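Me: I should like to go through the assignments in this model and the reasoning behind each label. Please set each value against its criterion.

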Amino acid sequence: MTTAGETTRIVSDTAIVSGSSHGHLQVQCILYQLAPEKAARTAEFVDCAARHAIAKGLIDKATLTFGDCSPTPAFDRAAQALLKAKCTHLADVTVAFFNQNLGHGGGQNRLLARSTADLTLILNPDIIVAPNLLIEMICALQRPGVGLVEARQMPSEHPKDFDPLTGQTSWGSGACLLLRTMLLRDLGGFDDEAFFMYCDDVDLCWRARLAGFGVVYQPTAVCFH
């Protein structure tokens with residue numbers, strides 16, 4: 001096994017599976033008192049990554065939704081309109097104000113309940129994604145037996161092991177984690193009763209593995225966190 005921060009032999013396999021569309025990808029971010037300009041910066045980079053994935057034929061469209069658990073709304077109507085105007089390749093950008101702090105898992109589950117997407121990307125709202133991130137993650141998800149795909153976080157990684165050839169690992173970080181929406185629903189979403197914030201991603205991945213789905217770390221899919 002190799003540590004996530006070490007050099008790996010895993011390579012991109014986009015040439016093998018590009019052109020096979022998964023339809024609709026929804027990116028889900030949970031806000032809590034985050035400066036709106038930081039969330040807007042994340043949205044603009046997601047918009048760029050969506051453009052490349054659509055051009056590659058891996059998805060037909062992408063949407064971005066923020067679940068706001070803050071005491072007061074992070075975005076007013078004018079800020080939401082400006083956010084949508086800047087994201088020209090995303091089919092829609094929405095902000096759902098919950099008027100309560102549901103925690104990370106609870107917020108994600110609330111967004112999942114209203115989603116019609118085929119794929120779900122769980123993403124922290126203060127992350128910058130590389131232009132090819134969605135391409136690399138979607139292609140990794142198409143490998144046989146893979147249920148969840150974790151991106152590589154720069155400059156610091158979680159200190160956990162993974163197989164240097166297959167990327168198989170014990171869990172994937174919810175900072176940037178891709179899976180099929182149906183699998184997320186079949187697993188019952190995040191366990192927001194036991195895990196208000198941290199370790200809900202570990203629990204989700206372990207339940208997926210118990211159900212027979214692999215979790216892989218894809219180092220060619222890079223985000224900055």
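Me: What makes the contact between E150 and K160 a salt bridge?
Reply: In this predicted model, the side chains of E150 and K160 come to 2.7 Å, N to O. The criterion asks for a Lys or Arg side-chain nitrogen within 4 Å of an Asp or Glu carboxyl oxygen, so the pair qualifies as a salt bridge. The two residues lie 10 apart and link distant parts of the chain: E150 belongs to strand β7 (residues 146-154), and K160 to the loop between β7 and β8 (161-162).

Me: Why is E150 called buried?
Reply: Its relative accessibility is 0%. Buried means under 20%, so E150 meets the criterion. K160, at 8%, is therefore buried by this cut-off as well.

Me: Why is the contact between K84 and D92 called a salt bridge?
Reply: The closest N and O atoms of K84 and D92 are 3.7 Å apart. The limit is within 4 Å, so this pair also counts as a salt bridge.

Me: What makes K84 partly exposed?
Reply: K84 has a relative accessible area of 40%. Partly exposed covers the range between the buried limit, under 20%, and the exposed limit, over 50%, so the label applies to K84. D92, at 33%, is partly exposed because its value lies in that range too.

Me: How do you know that R207 and D203 form a salt bridge, and where do they lie?
Reply: Their closest N and O atoms are 2.9 Å apart, and the limit of within 4 Å is therefore met. Both residues are in helix α7 (residues 200-210); because they are four residues apart there, about one helical turn separates them.

Me: Is D203 buried or exposed, and what is the label of R207?
Reply: D203 has 17% relative accessibility, which is under 20%, so D203 is buried. R207 has 23%, which falls between the two limits, so R207 is partly exposed.

Me: How many salt bridges does this rule give?
Reply: The count comes to four salt bridges.

Me: Why is helix α4 described as largely enclosed by the rest of the structure?
Reply: Helix α4 (residues 103-113) has 11 residues, of which nine are buried, so the description follows. Among the buried residues are G103, H104, Q108 and L112. The buried residues of α4 pack against β2 (24-31), β3 (61-68), β4 (92-97), β5 (119-123), α6 (181-186) and α7.

Technical notes
Residues are numbered from 1 along each chain as its sequence is written. This is a predicted model: local features need pLDDT of at least 70, side-chain atom pairs count only at pLDDT 80 or more; totals for chains, interfaces and linings use all residues. Side-chain values use heavy atoms; hydrogens and water are left out. Buried means under 20% relative accessible area, exposed over 50%, partly exposed in between (1.4 Å probe, protein chains only). Contact means heavy atoms within 4.5 Å.
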